[in-house]
Amino acid sequence: MSEPPSTPLPVVLAGARGHGRWHVENIRRLQRKGVVRLVGVCELTPLTEDELGDLGTPEQSPDFGALLDSTGAEAAVICTPIPTHTDLAITAAERGVHLLLEKPPAPSYAEFRRMADGVAAAGVVCQIGFQSLGSHALPAVRELIEKGAIGELVGLGGAGAWVRDEDYFRRAPWAGKRRLNGVDVIDGALTNPLAHAVATALALGGSTRAEDVTRIETELLRANAIESDDTSCVRITTAQGHPVTVAATLCAERADEPYVLVHGSTGRITFWYKQDRVLLQRAGHGPEESEHGRTDLLENLVDHLTTGVDLLVPPDGTGAFMKVVEAIRTAPDPAPLPDTAWHRIPGERRRVVPGIDGLVAAAADTLSLYSELDAPWAPLSNEVSTR
């Protein structure tokens, strides 16, 4: 952002605990810069003085609509349970309040369209919270691809090997659920914690809109006693003609940095999207590594409203990702891994799938599904969805 606006943008935050704490700290940072002013917090239990600190005394209420009305907020950050996103977004849009909506934007494609169409009809701006898409590495990698630095684009792989203990799936009533009280949640490895791997791979390949997806293959499994997948992979066939394969697990032997791998005919590019770090490897050259900055998505939203710069992640730019969410939603429930395929780590209360770290990396490296890598527990056939 070049210069802060002359008057800080009044903002309401819905969902200030859990992941919402990150947004509290980000709003604190931007308030100190004079970019925004926190005027309201929507939480079932109000934030304490200690939690607010130098954010002052914003109005607090569990009623989001009433809070928007009473505070005169011009923008809202929504970081609430996934099934509430659409209704809250429309509540804000109907009041002319612009939005930063946390990912995933909705638990189904129908809910996503209801949100996106409602926001568009109201004429407000909505930014979807895929923070990795604010990385300056994205345009840098796209430029390398367009210049032919790695030859012809062959495909893209994504890998996420994370460690989560059993308590992670009890952090909220909706955690680890596909549905709750008859309502879609779809809190799986690829749709929530490692959703950035899917969205970033699609973005680097220029396949961000819903119509860019022609076929989706899913393999959804679970080691934990949950409804959703904790070990899964997906292969997306795109209208651009190159496959996007993303593999993820929350049952890794060791936590690793997630990344997207861009395959070319004469080289490859690895992008560690949480670190904004890029490695270029190509024929006839030594490896070239670079680090990049990042534009904060709330800051970009304010900048868009005040100076007209391009919005980085509009809803339609996540349509392809939402097609993946829909394919996972409509697939059969994740298959439980056999007891022989996982074990508990003593004292850590977490389940580990031996060998999964290597399989996740191999899937991204070869654009293959688990079943094609001869994982002994992988399904013999995978669910296929077409648009």
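Select Ile345 first. Leaving aside residues up to four places away in sequence, Ile345 touches Arg350 and Val352. Show the secondary structure and you will find Ile345 in strand E18, which covers residues 343-345. Now add Asp165 to the selection. Asp165 and Ile345 are 180 residues apart along the chain, yet their C-alpha atoms are separated by 9.6 Å. Keep in mind that what you are viewing is a predicted model.

**The whole protein**

Zoom out until the full chain is visible. The protein has 10 helices and 20 strands. Its radius of gyration is 21 Å, and the globule rule gives 21 Å for 387 residues, so the protein is as compact as a globular protein of that length. Turn the model along its principal axes: the C-alpha trace spans about 60 × 50 × 40 Å.

**Residues 11-130**

Select residues 11-130 next. UniProt, in an unreviewed entry, lists this span as "domain: Gfo/Idh/MocA-like oxidoreductase N-terminal". Helix makes up 40% of the span and strand 22%. Mark the two ends of the span: their C-alpha atoms lie 19 Å apart.

Stay here and pick out helix H3 (residues 64-71) together with helix H4 (residues 85-93). At what angle do the axes of H3 and H4 cross? The angle is roughly 25°, and the axes come within 10 Å. Angles under 35 degrees count as roughly parallel, and that is why H3 is described as roughly parallel to H4. The crossing in which H3 passes H4 is right-handed.

Show the side chains where these helices meet. On the H3 side, select Phe64, Gly65 and Leu68; on the H4 side, select Leu88, Thr91 and Ala92. The residues of this contact comprise 4 nonpolar and 2 polar ones, with no charged residue.

Move on to Pro104. Pro104 is in the loop that runs between strand E5 (98-102) and helix H5 (109-122). Is the peptide bond from Lys103 to Pro104 cis or trans? The bond is cis, and its omega is near -15°.

**Residues 140-269**

Now select residues 140-269. For this span the UniProt record, again an unreviewed entry, gives "domain: GFO/IDH/MocA-like oxidoreductase". The chain here is 13% helix and 35% strand. The C-alpha atoms at the two ends of the span are 11 Å apart.

Within this span, go to Asn181. Asn181 sits in the loop between strand E8 (179-180) and strand E9 (183-184). What is notable about the phi of Asn181? Its phi is positive, at about 55°, although Asn181 is not a glycine.

**Helices H7 and H9**

For the last stop, select helix H7 (residues 195-204) and helix H9 (residues 319-330). These two helices pack at an angle of about 135°, and their axes are 9 Å apart. Why are H7 and H9 called oblique to each other? An angle over 145 degrees would count as roughly antiparallel, and 65 to 115 as roughly perpendicular; the angle of about 135° fits neither range, so H7 and H9 are oblique. H7 passes H9 in a right-handed crossing.

Display the side chains at this contact as well. From H7, show Ala195, Val198, Ala199 and Leu202; these meet Ala320, Phe321 and Val324 from H9. The residues of the contact are 7 nonpolar, with no polar and no charged residue.

Definitions and conventions:
Residues are numbered from 1 along each chain as its sequence is written. This is a predicted model: local features need pLDDT of at least 70, side-chain atom pairs count only at pLDDT 80 or more; totals for chains, interfaces and linings use all residues. Side-chain values use heavy atoms; hydrogens and water are left out. Axes are lines fitted to C-alpha atoms, for helices over the stretch in contact, and angles run from 0 to 180 degrees between N-to-C directions. Helices (H or I, at least four residues) and strands (E, at least two) are DSSP runs, numbered from the N terminus. A crossing is left-handed if the near helix is turned anticlockwise from the far one by less than a right angle, and right-handed if clockwise. Contact means heavy atoms within 4.5 Å. Ala, Val, Leu, Ile, Met, Phe, Trp, Tyr, Cys and Pro count as nonpolar, Asp, Glu, Lys and Arg as charged, and the others, Gly among them, as polar. UniProt positions are given in the numbering used here, feature names are shortened, and annotations may be inferred rather than shown by experiment. The radius of gyration is taken over C-alpha atoms; the globule rule is 2.2 Å times the number of residues to the power 0.38.
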